Amino acid sequence: MDPPKRVLLAEPRGYCAGVDRAVETVERVLAEHGPPVYVRKEIVHNRHVVQTLRERGAIFVEETDEVPEGAAVVFSAHGVSPAVRDSAAARDLHVIDASCPLVSKVHNEAKRFARDDYDILLVGHEGHEEVEGTTGEAPEHIQLVDGPDAVDRITVRDESKVIWLSQTTLSVDETMATVRRLRERFPLLQDPPSDDICYASQNRQAAAKLMAPQCDLVLVVGSRNSSNSVRLVEVALAAGARAAHLVDHAGEVDSAWLDGVATVGVTSGASAPEILVQGVLANLSDHGFTDVETVTAATESLVFALPRELRNAPRRPDHTRQ
């Protein structure tokens, strides 16, 4: 007799406060000004969200020189460098900054320690938009450390004035492995004034770790360019899941993955709307996985205020959730 099929559903999952703020920012600007609304880069790293906003009139551009002079432009949740701000100012663009406040915190730390002439070791992934924005705050002081294997290539001017900072969406375990290697090389390495890894990334990783040992398969709902979603797959596998896959939506679930599986864990990255998770649950239900149990690692209540330009605007329903 086959074992009963069940789903373990991670809590918390999905939208974090920074993503919620960024997506609502574009919704509000569309409501106030009508299309088109220009957005530099993807507002958040999720295909469904970007496509939904594009259909409503958002135009996503790579750089500010693609935005007509004098027009409004929204900066994405991942933050931007001073050079991008200068470029926007030169074109007389009206900027609405949807940078996540937690990313802005890391920017402020970078500026502070650069002013104090520290060498700043930024733990993060090369080419990620957040890393590019943070590095741009003090490029002469910041060196990127992309994993433990990069540590041996780092050189500093004064070992008594070295601090590490982090991309906010990394795996906690991976980051601390890199920091341990850094501390072996630089024993006087200082820690950030406060935790740089986003609370939401940490909570979603904690929930994945909690359920993974019980799972034959973990499905992480999120896009492939979403760093925190990719990390969830890695965390689930490291914590004991027999298999784990990243899927953008229910249509990407391969029914062959379910062969011989009794327990499926489901979670989603911090930029994935809940509608996509519900689609995956419906797909699993069609395959006999009708028993859903919630695995809770934390309760989240944090909400970030909208950019000041929008705080008096009427609230608009967020169609990216539906």
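Start by selecting R231 and H125: their side chains are joined by a polar contact of 3.3 Å. Bear in mind as you click around that this is a predicted model. R231 belongs to helix α8, and with a relative accessible area of 8% it is buried. Now show what surrounds this arginine. Leaving out residues up to four places away in sequence, R231 touches H125, T169, L170, S171, E174 and Q205.

Next stop, strand β2. Select residues 37-40 and turn on the side chains. Which residues sit on each side of β2? You'll find V37 and V39 on one side, Y38 and R40 on the other, and they are all buried, so both faces of the strand are covered. That pattern fits a general habit: side chains in a regular strand alternate between the two faces of the sheet.

Keep β2 on screen and add its neighbours. β3 runs parallel to β2, and four bridges join them. Within β3, look for V61, the bridge partner of R40. If you trace the backbone from β2 to β3, you pass through helix α2 (residues 47-55), and this β-α-β crossover is right-handed. Then bring in β4, which pairs with β2 in the parallel sense over three bridges. Here V39 of β2 stands opposite V74.

Stay with R40, but follow its side chain this time. R40 forms a salt bridge with E63, and the closest N and O atoms are 3.1 Å apart. Because R40 lies in β2 while E63 lies in the loop between β3 (58-61) and β4 (72-75), the pair ties together parts that are 23 residues apart in sequence. Is each partner buried or partly exposed? R40 counts as buried, at 10% relative accessibility, whereas E63 is partly exposed at 33%.

Another salt bridge to pick out is D97 with R85, at 2.9 Å from N to O. This one runs between strand β5 (residues 94-97), where D97 lies, and helix α3 (residues 82-90), where R85 lies, so it ties together parts 12 residues apart in sequence. R85 is partly exposed, with a relative accessible area of 35%.

Now jump to E252 and R224, whose side chains meet in a salt bridge of 3.3 Å, N to O. Both ends are in loops: E252 between β10 (244-247) and β11 (263-268), R224 between β9 (217-221) and α8 (227-238). The two residues are 28 apart, so to speak two distant parts of the chain linked by one pair. E252 is partly exposed at 24%, while R224 is exposed at 51% relative accessibility.

Before leaving the charged residues, select R40, K41, E62 and E63 together: salt bridges that share partners join them into one network. How many salt bridges does the structure have? The count comes to 24, so there is plenty left to browse after the tour.Last stop: select F113 and Y118, the one aromatic pair in the structure. The rings meet edge-to-face, 5.2 Å from centre to centre, with 80 degrees between their planes. Colour both by accessibility and you'll see that F113 is buried, with a relative accessible area of 5%, and that Y118 counts as buried too, at 13%.

Conventions: Residues are numbered from 1 along each chain as its sequence is written. This is a predicted model: local features need pLDDT of at least 70, side-chain atom pairs count only at pLDDT 80 or more; totals for chains, interfaces and linings use all residues. Side-chain values use heavy atoms; hydrogens and water are left out. Rings of Phe, Tyr and Trp (its six-membered ring) pair if their centres lie within 6.5 Å; planes under 30 degrees apart count as stacked, over 60 as edge-to-face and the rest as tilted. Buried means under 20% relative accessible area, exposed over 50%, partly exposed in between (1.4 Å probe, protein chains only). A salt bridge is a side-chain nitrogen of Lys or Arg within 4 Å of a carboxyl oxygen of Asp or Glu. A polar contact is a pair of N or O atoms within 3.5 Å; within protein, one must be able to donate a hydrogen and the other to accept it, and residues adjacent in sequence count only if both atoms are side-chain atoms. Contact means heavy atoms within 4.5 Å. Two strands pair if DSSP finds at least two bridges between them. A crossover is right-handed if, with the strands pointing away from the viewer, the path from the first strand over the helix to the second runs clockwise.
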